[in-house]
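User: I am new to this structure and would like a close look at a single part of it. Please take the part as it comes and explain the terms through the residues themselves.

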Amino acid sequence: MPTRPRCPVCGTPGPRRIVYGLVLAEVLDDPGVAIGGCVVASNAPRWRCRNSTCEHEYGRAGDR
Ligand SMILES: [Zn+2]
């Protein structure tokens with residue numbers, strides 16, 4: 001399991017992993033996963049904040 005860094009904006013830990021491309025039904029049922037769409041951008045964010053008032057997306061390749 002990769003480390004899930006806390007949100008750099010609000011500090012909420014345990015972000016949802018954003019899944020791109022073909023998504024399996026079992027992934028759709030996983031509350032720890034967010035759907036990012038079919039197009040995979042080269043610098044697409046990896047994490048989405050679990051805080052519903054924040055929903056910041058982060059973890060891009062260039063981020064630290
Ligand atoms: Zn956040």
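What percentage of the 64 residues of the protein count as buried? After that, please look closely at the loop between strand E3 and E4 and at what lies around that loop.

Analyst: This is a predicted model. Of the 64 residues of the protein, 8% count as buried. The protein has one helix and four strands, and from the N terminus on the order of these elements is β-α-β-β-β. Among the contacts with a separation of 6 or more, 46% are accounted for by residues 24 or more positions apart.

Now the loop. Strand E3 covers 47–48, and Glu-55 is found in the loop between this strand and E4. His-56 lies in that loop too, between E3 and E4.

Glu-55 has a backbone angle to note: its phi is positive, about 55°, although Glu-55 is not a glycine. Most residues other than glycine have a negative phi. As for its surroundings, Glu-55 has 15 other C-beta atoms within 10 Å, so it is partly exposed. A buried residue would need 20 or more such atoms, and an exposed one would have 12 or fewer.

His-56 also counts as partly exposed, because it has 15 C-beta neighbours inside 10 Å. Leaving aside its neighbours within four places in sequence, His-56 is in contact with Cys-7, Val-9 and Cys-49. A further link across the chain is given by Cys-10: it is 46 residues from His-56 along the chain, and their C-alpha atoms are separated by 8.6 Å.

Past the loop comes strand E4, which covers 57–58, and Gly-59 lies in the segment after it. Gly-59 has 18 other C-beta atoms within 10 Å and is therefore partly exposed. Not counting residues up to four places away in sequence, Gly-59 touches Pro-5, Pro-45, Arg-46 and Trp-47. One of these, Pro-45, is 14 residues from Gly-59 along the chain, with 5.0 Å between the two C-alpha atoms.

The other end of the loop leads back to E3, which covers 47–48, and to what touches that stretch. Pro-15 is placed in the segment before strand E1, which covers 16–20. Not counting residues up to four places away in sequence, Pro-15 touches Arg-4, Cys-7, Trp-47, Arg-48, Cys-49 and Arg-50. Cys-7 and Cys-49 are also among the contacts of His-56. The C-alpha atoms of Pro-15 and Asn-51 are separated by 8.4 Å, and these residues are 36 apart along the chain. Pro-15 is buried because 25 other C-beta atoms lie within 10 Å.

Gly-14 is likewise placed in the segment before E1. Gly-14 counts as exposed, because it has 12 C-beta neighbours inside 10 Å. Its contacts, not counting residues up to four places away in sequence, are Arg-4 and Arg-50, and both of these residues are also touched by Pro-15. Between the C-alpha atoms of Gly-14 and Trp-47 there are 9.2 Å, with 33 residues separating them along the chain.

To put the part together: Glu-55 and His-56 in the loop are partly exposed. Gly-59, after E4, touches Trp-47, and Pro-15, before E1, touches Trp-47 as well.

Note on methods:
Residues are numbered from 1 along each chain as its sequence is written. This is a predicted model: local features need pLDDT of at least 70, side-chain atom pairs count only at pLDDT 80 or more; totals for chains, interfaces and linings use all residues. Helices (H or I, at least four residues) and strands (E, at least two) are DSSP runs, numbered from the N terminus. Two residues are in contact if their C-beta atoms, placed from the backbone, lie within 7 Å.
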